[in-house]
Amino acid sequence: MDYWLLLCALFPVLSVLLFLVVLRWPARKAMPLCLLGTAVLSATVWSVSTLDIAASMAEGLVIAATVLWVVFGALLLLNLLENNGSFLMIRRGFASISSDQRVQLLFVGWLLVAFLEGAAGFGTPAAIAAPLLIALGFRPLAAVVLTLIADSVPVSFGAIGTPVLVGLTNGLPGVSPELIQQSAVMAASIDLLCASLIPVLMCLLLCRFFSDTPSWRSGLAIAPLAFLSGLCYSLPAFLVARYLGPEFPSLFGALSGLVLLTLLVRFGVAVPATVWRCQPQTEEAVAENSTVLSTLHLLKAWGAYLLLATLLILSRLEFLPFKAALQAVQLQWSGIFGSTLSATVQPLYLPGTLFVVTVLVLLPWQHQRRDLLRKAATESLSRIWPAAITLASAVPMVRLFLHSDLNSADLPAMPMYLAAIASEHLAQVWLWCAPWVGALGSFIAGSATFSNLMFASVQQQLATDSGLPLQLVLALQMLGANAGNMLCVVNVVAAASVVKLTGQEGQIMRFTLLPMALYCLLASAVAVMLLPFTT
């Protein structure tokens, strides 16, 4: 083994962890250094030409711009709803179901996140759910950390099945649709346990690390209801994956979960007798939350999100004409700087565009709409610049890492080199390693779909070398890609920028690192138990 090459290939991963997690640097300072180091190693060790380095970075800047557009749209809608009073009514509406913030976390931080991931993906869940949690009285750091942890499980099937239908299918050309379906069902089977424990973990973290009175006991008290809320999602998602296919498990699982959890709370099933909150409510907040709101008021407050969810779903369904029409409008940069790389943007299909459309549709019904729009836009632009600096470094670094196969040294791309090393030395314990490869893909690329696309063939080869069932190994690839979503730099930066936590990305990643590792380990443990039944 060439340890120098191994160290160089690991540099993009290790540098991010070192600067953000260990040294606790803000991402806007750390990521430019990570980009510089990756560029230098690509040129000197991997022998990537200056032209291809520049083209990879330019492609990354285009992708970063699309992420910033999503962040801007989310901020614009958020600021509009804060300024017109809708957030106040939303908070009162949740308080009418339960004033216990652990229960509110299960509704908003767990099931609403799953619904948004199933409808849109692309960083939308944390951008919407985190501000809602803050409106309910959660600390901003807690809101971001917990929504990032929750936005892992539903990523298996993501926005209308994209990680499976695009990621696995294109990553394994020639493999039968039946095997892809079996892999998806296997992932949902493993998640019957793994996914159901994620909301328990979220409640434990909330009560222990984000409370005025830190306590594991308060988290354990809600654990039965949290586990049931996990089953309320994972069981319907499994049934949908088994009988209907990979397009709608996240969406229908979340919708079923919201209905089932509401019934559990209404009938007092496993609901703790003592109401728990992160911090005591002020007298004004108690008075606000005790106000009874009419259904009309609640619908008006939720109107923006209902409209947004409707637009997202309609724009993603294959059998409707809207998806094709929106995707038909493309901005393409072919042969960037004369290289083989290209960048394509579908501006009308981006979730950020649908955020902005939602705002424009709502404006005619707002008082002083010009001042309201001006204030919302100004606040949004002022908060997006720190994220722009970070993303303008992070995404080009990722693209350079992935395109390092464009070299004259006859070396594979850095992530593929790492996968080959793992294949050579870890084949005998691959069930314990497979999720980590998927997590690496999501951590670096910021996309479970891309992780599946990039590493599915590697997992196939490892399954063959190890004599393991392919559908089981691919299921672990999917679940590992989920776990990596908690920690990926792009998601962390985008979520932090929405709730004014720019500069605290390292602290967020320190909280999500352990849940990511636990998810991978638990998925492997369940897979080992299932192995005798799949061979």
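**Exercise 1. A salt bridge between two loops**

Task: Decide whether D212 is buried, exposed or partly exposed in this predicted model, and find which side chain D212 meets in a salt bridge.

Solution:
- Step 1. Start with the accessibility of D212: at 42%, this residue counts as partly exposed, because the class covers values between the buried limit of 20% and the exposed limit of 50%.
- Step 2. Look for the partner. The side chain of D212 meets that of R139 in a salt bridge, with an N to O distance of 2.3 Å.
- Step 3. Place both residues on the chain. D212 sits in the loop between α9 and α10, and R139 in the loop between α6 (124–135) and α7 (140–150); the pair links distant parts of the chain, 73 residues apart.
- Step 4. Check the partner's accessibility too. R139 has a relative accessibility of 25%, so R139 also counts as partly exposed.

**Exercise 2. Salt bridges with buried partners**

Task: How many salt bridges does a search of the whole structure find, and which residue pairs with E59?

Solution:
- Step 1. Begin with the total: the search of the whole structure gives 4 salt bridges.
- Step 2. Recall the principle: when their charged atoms come close, side chains of opposite charge can pair.
- Step 3. Now turn to E59. Its partner is R399, and 3.4 Å separates the closest N and O atoms. E59 belongs to helix α3 (residues 50–83) and R399 to helix α16 (residues 369–402), so this pair ties together parts that are 340 residues apart in sequence.
- Step 4. Compare each accessibility with the cut-off for buried, under 20%. E59 has a relative accessible area of 8% and is buried. R399, at 11%, counts as buried as well.
- Step 5. Add another pair: R102 and D100 form a salt bridge whose closest N and O atoms are 2.6 Å apart. Both R102 and D100 are buried.

**Exercise 3. Cysteines without a bond**

Task: Explain why C433 and C520 do not form a disulfide with each other.

Solution:
- Step 1. Take the count for the structure, which is 0 disulfides.
- Step 2. Work from C433. The closest cysteine sulfur to its own is that of C520, 11 Å away; a disulfide needs the sulfur atoms within 2.5 Å, so this is too far for a bond.
- Step 3. Repeat the check from C520. Here the closest cysteine sulfur is in C194, at 9.8 Å, again too far for a bond.
- Step 4. Note the surroundings: C433 is buried at 14% relative accessibility, and C520 is buried with a relative accessible area of 1%.

**Exercise 4. The lining of a cavity**

Task: Find which helix gives the largest share of the lining of the largest cavity.

Solution:
- Step 1. Count cavities of 30 Å³ or more: the structure holds 1. About 60 Å³ of space lies in the largest cavity.
- Step 2. List the lining: V153, F157, A188, D191, A195, Y233, S234, A237 and F238.
- Step 3. Assign the helices. α9 (177–209) and α10 (216–243) each contribute at least two lining residues, and α10 gives the largest share, with 4 residues.
- Step 4. Sort by class: 7 of the lining residues are nonpolar, 1 is polar and 1 is charged.

**Exercise 5. Checking the span of a helix**

Task: What span should the 13 residues of helix α17 have, and how far apart are its end C-alpha atoms?

Solution:
- Step 1. Multiply 1.5 Å by one less than the number of residues. For α17 (residues 414–426) the expected span is 18 Å.
- Step 2. Compare with the model: the end C-alpha atoms are 18 Å apart, which agrees.
- Step 3. Look along the helix for buried residues; among them are M414, P415, Y417 and L418.

Key. Residues are numbered from 1 along each chain as its sequence is written. This is a predicted model: local features need pLDDT of at least 70, side-chain atom pairs count only at pLDDT 80 or more; totals for chains, interfaces and linings use all residues. Side-chain values use heavy atoms; hydrogens and water are left out. On a 1 Å grid over the protein atoms alone, a cavity is a set of points where a 1.4 Å probe fits but cannot get out, and a pocket is an open set with protein on both sides within 12 Å along at least five of seven lines; lining residues have an atom within 4 Å of a point. Grid points are joined across faces, edges and corners, and a volume is the space filled by probe spheres set on the points. Ala, Val, Leu, Ile, Met, Phe, Trp, Tyr, Cys and Pro count as nonpolar, Asp, Glu, Lys and Arg as charged, and the others, Gly among them, as polar. Buried means under 20% relative accessible area, exposed over 50%, partly exposed in between (1.4 Å probe, protein chains only).
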